[in-house]
Amino acid sequence: MDTSVKQSPEPPAPAAAAPSPAAYRNLVLATAGFALTFWAWNLIAPMSGDYKDRLGLSSFQQSFLVAVPVLVGSLGRIPVGALTDKYGAKLMFPLVSALTIVPVLLLIPAKNSYAAMIAVGFLLGLGGTTFAIGVPLVNAWFPPRKRGFALGVFGMGMGGVALSGYFTPRIAEHGDDLPFLVVAGALVVFALLAAVLISDHSDRRIPTDTLAHRLAEAGKLRVTWELSTLYAIGFGGIVAFGVYLPTYLKTWYEMSPTEAGTKAAGFALVTVVFRPVGGWLSDRVHPAVVTSSALLLAALMAIVQAFEPPLDPVGTIALLAMAAGLGTASGSVFALVSQVTPQPKVGSVTGIVGAMGGLGGFVPPLVMGAIYSAKDSYAIGFMLLSDLALAGCVYAYGRMRTVQRDE
């Protein structure tokens with residue numbers, strides 16, 4: 001059976017020329033916006049220990065509170081990616097950034113009610129959808145031989161999780177409401193800058209069919225679901241650790257919220273640094289090989305952490321090496337997306353793949369919380385992660401190296 005992806009020829013620009021100054025301007029703005037909205041998306045996680053104590057939450061309730069924005073932000077990428085194909089990033093980036101201000105500010109009156117926090121967390125998920133806006137924007141501005149690295153640089157915006165983990169609890173020491181006011185103000189500034197400075201590529205082809213039809217067409221591509229699975233493991237692992245690692249460190253290693261947030265920020269920073277490494281390597285080696293190797297590293301380190309070693313030095317080394325593997329895999333998977341996806345469908349496919357990646361981050365915090373509540377241990381959770389990463393390693397190497405896109 002033919003599993004290759006059929007497409008009409010892509011427009012010759014920008015493939016024939018080096019990236020323009022406008023390409024780099026859009027890349028910088030998209031990365032900054034991605035980081036800022038990801039900070040907003042992850043505002044609850046660094047403060048989850050305080051919410052648990054204030055509201056008397058169980059481990060599962062705390063995990064669910066942290067996971068709700070992840071779920072909504074993940075699913076929201078599907079329509080947002082398709083809408084970006086239709087209306088362009090110049091409209092969608094400032095619009096989504098501005099709308100994210102609302103739930104950020106609503107966290108202030110909601111902080112004393114679990115039901116209200118769940119409701120606001122649902123709305124906060126909007127901040128996690130900008131990934132599906134930035135990928136087609138960057139993909140259109142950069143030639144194929146530069147896309148892996150460019151998308152990796154854009155992916156560094158997920159460092160917003162690290163920013164949140166490090167700065168949110170520290171800002172909160174000067175006032176409970178101050179982190180939300182700071183992030184809301186930053187979103188206002190970015191939304192205004194994005195409206196003026198972000199531009200869609202002149203050769204962007206605007207689809208004329210309906211949103212439902214475009215999503216259905218993207219869903220028919222076998223590679224959409226293969227890439228979704230790999231991204232759910234790689235990026236899902238990053239999101240899961242980004243939102244749950246503070247809880248894990250506070251619970252298992254008995255750290256203070258500030259210390260746990262700092263350690264979690266270090267983990268997130270490593271994933272940020274290695275995401276463009278994954279894209280850069282994928283411009284030189286087949287991205288499926290890069291993905292396979294990176295997932296193997298993550299699997300081995302998850303096994304080490306399953307034995308619950310002391311944090312210094314074995315646990316720290318294992319967690320940071322795992323972060324490097326997951327970050328590299330996230331960059332290489334999206335290099336593969338740009339390689340096998342028709343340009344007019346990049347937004348729609350990105351939305352689906354990004355959604356599955358985010359959903360990959362929704363489930364593990366719930367599983368980890370439930371396992372700890374039942375077994376008073378996280379070992380089973382880490383072994384499950386190693387199993388998934390090993391499966392992804394084998395599939396990426398055995399199957400994805402053979403996928404070609406017909407020109």
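## Buried sites, core and largest pocket of a predicted model

S386 is buried, with a relative accessible area of 1%. This residue sits in helix α16. Apart from neighbours up to four places away in sequence, S386 makes contact with A299, A302 and I303. The model described here is predicted, and the confidence scores are therefore taken up next, before the remaining sites.

**Confidence**

The mean pLDDT of the protein is 83, and 93% of the residues reach at least 70. Among the elements, helix α9 (residues 178-197) has the highest mean pLDDT, 96, while α15 has the lowest, 76. Residues 1-16 have a pLDDT below 50. In the model this stretch nevertheless has 38 contacts beyond near neighbours in sequence.

**Selected residues**

The table lists the location and the relative accessible area of six residues.

| Residue | Location | Relative accessible area |
|---|---|---|
| S164 | helix α8 (residues 160-172) | 0%, buried |
| L221 | loop between α10 (211-220) and α11 | 14%, buried |
| E254 | loop between α11 and α12 (257-282) | 71%, exposed |
| E308 | loop between α13 (287-306) and α14 | 28%, partly exposed |
| G325 | helix α14 | 1%, buried |
| S386 | helix α16 | 1%, buried |

The class of each residue follows from its relative accessible area. L221 counts as buried because its value of 14% is under the 20% limit. E254 is classed as exposed because 71% is over 50%. E308, at 28%, is partly exposed because this value falls between the two limits.

S164 touches W39, N42, L43, P46 and P169, leaving out residues up to four places away in sequence. The corresponding contacts of G325 are A294 and L297.

Two C-alpha to C-alpha distances concern residues in the table. G325 and A370 are 45 residues apart in sequence and 26 Å apart in space. For L221 and A294 the separation is 73 residues in sequence and 25 Å in space. A294 thus appears twice in this account: as a contact of G325, and as the far end of the distance from L221.

**Backbone geometry**

Two of the tabulated residues have a positive phi without being glycine. The phi of E254 is about 55 degrees, and that of E308 is near 55 degrees. E254 lies in the loop between α11 and α12, whereas E308 is in the loop between α13 and α14.

A cis peptide bond runs from D312 to P313, with omega near 0 degrees. P313 belongs to helix α14, the helix that also holds G325.

**Nonpolar core**

The largest nonpolar core has 116 residues, and the members that touch the most others are V104, L227, F241 and M322. Helix α14 (residues 311-340) supplies the largest share of this core, with 14 residues.

What does L227 contact, leaving aside its neighbours within four places in sequence? The partners are V333, L336, V337, V340, V353 and M400. The numbers of V333, L336, V337 and V340 fall in the range of helix α14, residues 311-340.

**Largest pocket**

The largest pocket holds about 410 Å³ of space. Its lining has 21 residues, of which G360, V363, P364, L385 and L388 are the closest to its centre. Two or more lining residues come from each of α11 (222-252), α15 (346-375) and α16 (379-398).

Which element gives the largest share of the lining of the largest pocket? Helix α11 does, with nine residues. By residue number, G360, V363 and P364 fall in α15, whereas L385 and L388 fall in α16.

The lining is made up of 17 nonpolar residues and four polar residues, with no charged residues. One caution applies to this part of the model: α15, which contributes to the lining, is the element with the lowest mean pLDDT, 76. Helix α16, another contributor to the lining, also contains the buried residue S386.

Definitions and conventions
Residues are numbered from 1 along each chain as its sequence is written. This is a predicted model: local features need pLDDT of at least 70, side-chain atom pairs count only at pLDDT 80 or more; totals for chains, interfaces and linings use all residues. Side-chain values use heavy atoms; hydrogens and water are left out. A nonpolar core is a set of buried Ala, Val, Leu, Ile, Met, Phe, Trp, Tyr and Cys residues joined through side-chain atoms within 4.5 Å. Buried means under 20% relative accessible area, exposed over 50%, partly exposed in between (1.4 Å probe, protein chains only). Helices (H or I, at least four residues) and strands (E, at least two) are DSSP runs, numbered from the N terminus. Contact means heavy atoms within 4.5 Å. On a 1 Å grid over the protein atoms alone, a cavity is a set of points where a 1.4 Å probe fits but cannot get out, and a pocket is an open set with protein on both sides within 12 Å along at least five of seven lines; lining residues have an atom within 4 Å of a point. Grid points are joined across faces, edges and corners, and a volume is the space filled by probe spheres set on the points. Ala, Val, Leu, Ile, Met, Phe, Trp, Tyr, Cys and Pro count as nonpolar, Asp, Glu, Lys and Arg as charged, and the others, Gly among them, as polar. pLDDT is the predictor's confidence in each residue, from 0 to 100.
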